[in-house]
Amino acid sequence: MLEKNRCPNLTAHKLAHISYLEKMADLLYAAAAGELNSTALQTFSLSYLNEHLHKMDVADKAYLVA
């Protein structure tokens, strides 16, 4: 939607998603190897919700229309 609606923050938004996916992958690979850090996983997930969804998505909400 952001791309379709020509969001000026599209590049930053995409980079934020890539960063999130990379960090989540690291945490999940560690968990699969028997090194689950549930505190880090919970902290990271909550941070993403607070930082990305509540700040970045809200700031770009005008571009999040179908």
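Colleague: Which residues in helix 1 meet helix 2?

Modeller: Keep in mind that this is a predicted model. On the helix 2 side, the contact involves Ala40, Leu41, Phe44, Ser45, Tyr48, His52, Met56 and Asp57. Their partners in helix 1 are Ala12, His13, Ala16, His17, Tyr20, Lys23, Met24 and Leu27.

Colleague: And how do the residues of that contact divide into nonpolar, polar and charged?

Modeller: Happy to break that down. Across the contact of helix 1 with helix 2, the residues split into ten nonpolar, four polar and two charged.

Colleague: How do the axes of helix 1 and helix 2 cross, roughly parallel or roughly antiparallel?

Modeller: The axes of helix 1 (residues 10–32) and helix 2 (residues 38–59) come within 11 Å, crossing at roughly 170°. Angles over 145 degrees count as roughly antiparallel. Helix 1 is therefore, relative to helix 2, roughly antiparallel.

Colleague: Which residue forms a salt bridge with Glu51?

Modeller: Good one to look at in the structure. The partner lies in helix 2 as well, four residues apart from Glu51, about one turn of the helix. The closest N and O atoms are 3.4 Å apart, and the residue that pairs with Glu51 is Lys55.

Colleague: Where does Glu3 lie, given its salt bridge with Lys14?

Modeller: The side chains of Lys14 and Glu3 meet at 3.8 Å, N to O. Glu3 is exposed, with a relative accessible area of 54%, and Lys14 is partly exposed at 43%. The pair links distant parts of the chain, eleven residues apart: Lys14 is in helix 1, and Glu3 is in the segment before helix 1.

Key:
Residues numbered from 1 in each chain as written. Predicted model: local features only at pLDDT ≥ 70, side-chain atom pairs only at ≥ 80, totals over all residues. Heavy atoms only, no water. Axes fitted to C-alpha atoms, helices over the stretch in contact; angles between N-to-C directions. Helix = DSSP H or I, 4+ residues; strand = E, 2+ residues; numbered from the N terminus. Parallel < 35°, antiparallel > 145°, perpendicular 65-115°, else oblique. Contact = heavy atoms within 4.5 Å. Nonpolar A, V, L, I, M, F, W, Y, C, P; charged D, E, K, R; others polar. Salt bridge = Lys/Arg side-chain N within 4 Å of Asp/Glu carboxyl O. Buried < 20%, exposed > 50% of the residue type's maximum accessible area, 1.4 Å probe, protein only.
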